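New to this one? Have a look at the sequence and the model first, and then we'll walk through a few of its parts together.

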Amino acid sequence: MSDAPLFEKNFYLEHPAVTSRSAKDVDAFRTAREMRVTGRDPPKPAHTFEESSLPAYCVDELANSGFPAPTPVQAQTWPAALSGRDVISIAETGSGKTLAFVLPAVVHINAQPYLERGDGPIVLILAPTRELAVQIQEQAAVFGASSKIKSACIYGGAPRNPQIAALREGVEMCVATPGRLLDFLNSKATNLRRVTYFVLDEADRMLDLGFEPQIRRIERLTRPDRQTLLFTATWPADVAAAAAEFTDDVVTVRIGGDALKASDNVSQIVEVTDEHGKHARLVSVLERALGDAEAAGAVPKIIVFLSSKARVDASTRRLRHEGFPALSIHGDKGQEEREWVLGEFRAGKSPVMLATDVAARGLDVKDVSLVVNYDFPGKMEDYVHRIGRTGRAGAKGKAMSLFTSGDARHARSLCGLLQTAGQPVPRELLQFLSLEFLKK
């Protein structure tokens, strides 16, 4: 692509208020938000939307959406992304990362030549799941509307023809899962020759799901001089290696410490029980949560996580038989049914949703009041992502986990996570640490 035309990617104009801040002021702002920034001469963070260098049409839309101020990840990512720099952002779920890359993408698109017949997208955003891709595209549609930016959502499990038609009609922004996009690239339904802004969202989850070969094949089809933004909640070695290959002259923004950390907005409760007592305890928890919400005139939204599709289906049938308004979502359900279940849950028509880890990431449902880990997850990272479905965007949430002897290998990590968050550590959980010591 050495003959590819030059393109503009630096749109940042530092606000006078930002310019006037001393290095000491900047350090204090970052320290207060547990923010660490590395890279060559990174720009100073913006304290307000007006300081971000986003154009008025973006700032107005933010104000209309009711957001009070940039989240920490937005405060630092916007100046870096608008400067045309590659960005790696490591931040917990629910930190406002979607708008951290969508708004600079809108600005980027508006500065490029119009699409011509046969052109593929200018902005490409890869996401690990259908649900996350749909939610990113919804945000892209809202914030791209004033600029008449066309976007498409490309994912498996849905009819191919409408997605192909949208791509061939021409879209400036494409949000896609790797498998379906690669399928369309192989069939010449689109191309990536004009991609100059490339986003990998939830990169750790994509690698966990085995998408690395597809991502590498897709990346090679984009312009080598593109701008790349990579977002991840965790920073394992495989993500770090991929990030090093995909980015250049990068600004790295890390929110929080190196240790795995749950959101401070989530109250965590852990109860040690046995497998036979789980269902009765779940029923008790649901009865109380639904009753408290009804007494307060509120609409509850409760997500219950289980380890397998079969357990989700069996528990959903049992709860419905017992009179609970429960629905379920997992990977074996068709896309139309999944979207209907999410719609019912979002609207509060079915306040209890049972799910596998397909819903642990990428589901941005507002006002989830309670998360229940009926089955404790296999990895502590998944625990953090599951409970991150509540307590989002500054709201307070609650998470309850049922912990059995079969989960004992996670006791030490869970105790550390609870202590770091200032949450109570049940005495019964500490007993597993004593047993661990005796086995040595």
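Strands β13 (residues 370-373) and β14 (residues 397-403) run parallel, and four bridges join them. One residue to pick out here is Val-371, whose bridge partner in β14 is Ala-399. Bear in mind that this is a predicted model.

Now zoom out a little. β13 and β14 belong to an open sheet of six strands, paired in parallel, in the order β9-β14-β13-β10-β12-β11. At the edges sit β9 (266-272) and β11 (326-329), each pairing on one side only. On average, neighbouring strands of this sheet are turned by 20° against each other, direction ignored. Helix α15 (residues 380-387) packs on the sheet and touches β9, β10 (302-305), β13 and β14. The direction of α15 makes about 150° with that of β13.

There's more parallel pairing elsewhere, around strand β6 (residues 197-200). Here are its two pairings side by side.

| Strands paired | Bridges | One partner pair |
|---|---|---|
| β3 (residues 123-126) and β6 | four, parallel | Val-123 and Tyr-197 |
| β6 and β7 (residues 227-232) | four, parallel | Leu-200 and Leu-230 |

Which way do the side chains of β6 point? Tyr-197 and Val-199 go one way, while Phe-198 and Leu-200 go the other, and all are buried.

That brings us to the nonpolar cores. In general, nonpolar side chains tend to be buried together in soluble globular proteins. The largest core in this model has 33 residues, and Phe-101, Val-123, Ile-125, Ile-136, Met-173 and Leu-229 touch the most other members. Helix α5 (residues 97-110) gives the most to this core, with six residues. Take Val-123: beyond its neighbours within four places in sequence, it is in contact with Ala-105, Ile-109, Glu-172, Met-173, Cys-174 and Tyr-197. A second, separate core has 31 residues, including Ile-164, Leu-182, Leu-192 and Leu-200.

One last stop: Arg-338, which has its place in helix α14 (residues 335-346). Is Arg-338 buried or exposed? Its relative accessible area is 2%, so Arg-338 counts as buried, the cut-off being under 20%. Not counting residues up to four places away in sequence, Arg-338 touches Arg-130, Glu-131, Ile-329, His-330, Gly-331, Lys-333 and Val-358.

Conventions. Residues are numbered from 1 along each chain as its sequence is written. This is a predicted model: local features need pLDDT of at least 70, side-chain atom pairs count only at pLDDT 80 or more; totals for chains, interfaces and linings use all residues. Side-chain values use heavy atoms; hydrogens and water are left out. Two strands pair if DSSP finds at least two bridges between them. Helices (H or I, at least four residues) and strands (E, at least two) are DSSP runs, numbered from the N terminus. Axes are lines fitted to C-alpha atoms, for helices over the stretch in contact, and angles run from 0 to 180 degrees between N-to-C directions. Contact means heavy atoms within 4.5 Å. Buried means under 20% relative accessible area, exposed over 50%, partly exposed in between (1.4 Å probe, protein chains only). A nonpolar core is a set of buried Ala, Val, Leu, Ile, Met, Phe, Trp, Tyr and Cys residues joined through side-chain atoms within 4.5 Å.
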